[in-house]
Amino acid sequence: MALIQPKAQSFLKERMGVNVQKEGLSGWFMVFEPTERLHLGAEAEVWKGTWFGRPAVRKQRRPRSWRHPNLDHRLGVRRMISEARLLIRTRKAGLSVPCVWDLDYDGGQLILEHLDGRPLIELLNDDETTALHAESVLRKVGAAVRALHRVATTHGDLSSNNILIDGEDVHLIDFGLASVEYDVERFGIDLHVLDEILGASHPQWEGAIDWVVAGYMAAEEAFGPAPVLQGGAVPTAREVHTRLEDIRTRVRYHG
Ligand SMILES: Nc1ncnc2c1ncn2[C@@H]1O[C@H](COP(=O)(O)OP(=O)(O)OP(=O)(O)O)[C@@H](O)[C@H]1O
Ligand SMILES: [Mg+2]
């Protein structure tokens with residue numbers, strides 16, 4: 001259970017509009033009510049539930065038995081903090097990612113806003129999805145990835161499970177492997193991971209990556225060039241696309 005400490009009260013008031021005193025929630029308090037398990041992965045167990053009555057998810061880190069417990073704990077904590085940090089950073093930049101509501105890194109728990117929508121994998125595997133719809137969704141996915149890259153952030157695990165489609169909106173989740181980057185290679189790898197997954201898991205949508213790339217390029221036209229940030233200049237959409245082609249060639253010839 002996530003616990004709320006008195007020092008978090010001002011955060012709750014400012015960010016969530018919850019008055020801890022008034023609502024009789026002072027002191028240590030269990031706030032996450034689980035309802036349904038969404039996922040049991042190698043690294044994390046994810047539950048849906050409520051946090052102060054709002055739809056939330058709890059991501060609980062799972063110990064890896066083959067690692068030394070101290071090392072495992074250190075790596076897990078580092079990854080969880082990094083995930084929270086990058087979610088906060090990208091959300092502040094206006095991206096559609098879950099809000100971070102609570103982090104208990106000793107207990108290995110992250111509480112996030114629950115976002116509605118269907119995983120892209122489901123939508124692409126649905127027999128009712130038309131080519132026109134798939135194209136429009138994948139263009140939007142490309143635009144969402146460019147919006148992420150524009151703020152010097154790579155996702156690191158762009159699978160069709162980690163992209164949620166909610167009507168006209170595209171949400172990105174699972175920032176456990178995300179990082180702040182300026183070197184074009186990691187940006188190209190993001191698109192390449194998506195390319196490989198679209199080819200392997202969704203072969204019926206031949207050319208799907210071309211729609212993603214079209215959306216990626218169009219987003220640069222729409223948003224304009226990426227601003228130069230503290231760490232330098234973010235690669236342009238064209239540079240990332242060229243790198244994707246290079247990576248593809250490398251993989252084809254060297255496996
Ligand atoms: N904020 C959220 N809103 C809605 N659903 C979510 C959210 N976060 C996670 N999920 C659901 O839980 C699943 C697993 O979460 P996530 O991808 O963050 O874990 P994971 O890091 O992939 O775990 P592992 O690496 O152990 O497989 C997602 O694919 C998604 O279906
Ligand atoms: Mg995931």
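Student: In the contacts of the protein with a separation of 6 or more, what percentage comes from residues 24 or more positions apart?

Tutor: This is a predicted model, where local features need pLDDT of at least 70 and side-chain atom pairs count only at pLDDT 80 or more, whereas totals for chains, interfaces and linings use all residues. Residues are numbered from 1 along each chain as its sequence is written, and chains are lettered from A and ligands numbered from 1 in the order in which they are written. Two residues are in contact if their C-beta atoms, placed from the backbone, lie within 7 Å. Among contacts with a separation of 6 or more, the part due to residues 24 or more positions apart is 65%.

Student: How many helices and strands are there in the protein?

Tutor: Both are DSSP runs numbered from the N terminus, helices being H or I over at least four residues and strands E over at least two. Counted in this way, the protein has seven helices and ten strands.

Student: Which strands each supply at least two residues of the shell around ligand 1?

Tutor: The ligand is surrounded by 19 residues, the closest being His39, Gly41, Glu43, Pro98 and Asp174, where a residue is near a molecule or strand if its C-beta atom, placed from the backbone, lies within 6 Å of it. Domain 1 (3-113) and domain 2 (118-254) both contribute to this shell, so ligand 1 lies between them; the domain bounds come from an automatic or database domain assignment. The strands that each give at least two shell residues are β1 (32-40), β2 (44-51) and β3 (54-61).

Student: Through what bridge partner in β3 does Trp47 connect?

Tutor: Strands pair if DSSP finds at least two bridges between them, and β1 and β2 do so in the antiparallel sense over seven bridges, with Arg37 bridged to Trp47 of β2. A hairpin of three residues joins β1 to β2, and the hairpin of β2 and β3 has two residues between the strands, with Phe52 at a positive phi near 50°. Eight bridges then join β2 to β3 in antiparallel fashion, and the β3 partner of Trp47 is Arg58.

Student: Which residue of β5 is the bridge partner of Arg58?

Tutor: β3 and β5 are antiparallel and pair over five bridges, while β5 (residues 109-113) is also joined to β4 (residues 100-104), again antiparallel, by four bridges. Within β5, Leu103 has Leu110 as its partner, and Arg58 has Ile111.

Student: Which element gives the most residues to the largest nonpolar core?

Tutor: A nonpolar core is a set of buried Ala, Val, Leu, Ile, Met, Phe, Trp, Tyr and Cys residues joined through C-beta atoms within 7 Å; a residue is buried if 20 or more other C-beta atoms lie within 10 Å of its own, exposed if 12 or fewer, and partly exposed in between, with C-beta atoms placed from the backbone. The largest core has 38 residues, of which Val141, Ala144, Ile163, Ile165, Leu194, Val212 and Tyr216 touch the most other members. Elements giving two or more residues include α2 (69-92), α4 (131-150) and α5 (184-201). With eight residues, the element that gives the most is α4.

Student: Which strands stand at the edges of the open sheet that contains β8?

Tutor: This sheet has three strands in the order β6-β8-β9, with antiparallel pairing. Each edge strand has a single partner, so one side of each is left without a neighbour in the sheet, and these strands are β6 (118-119) and β9.
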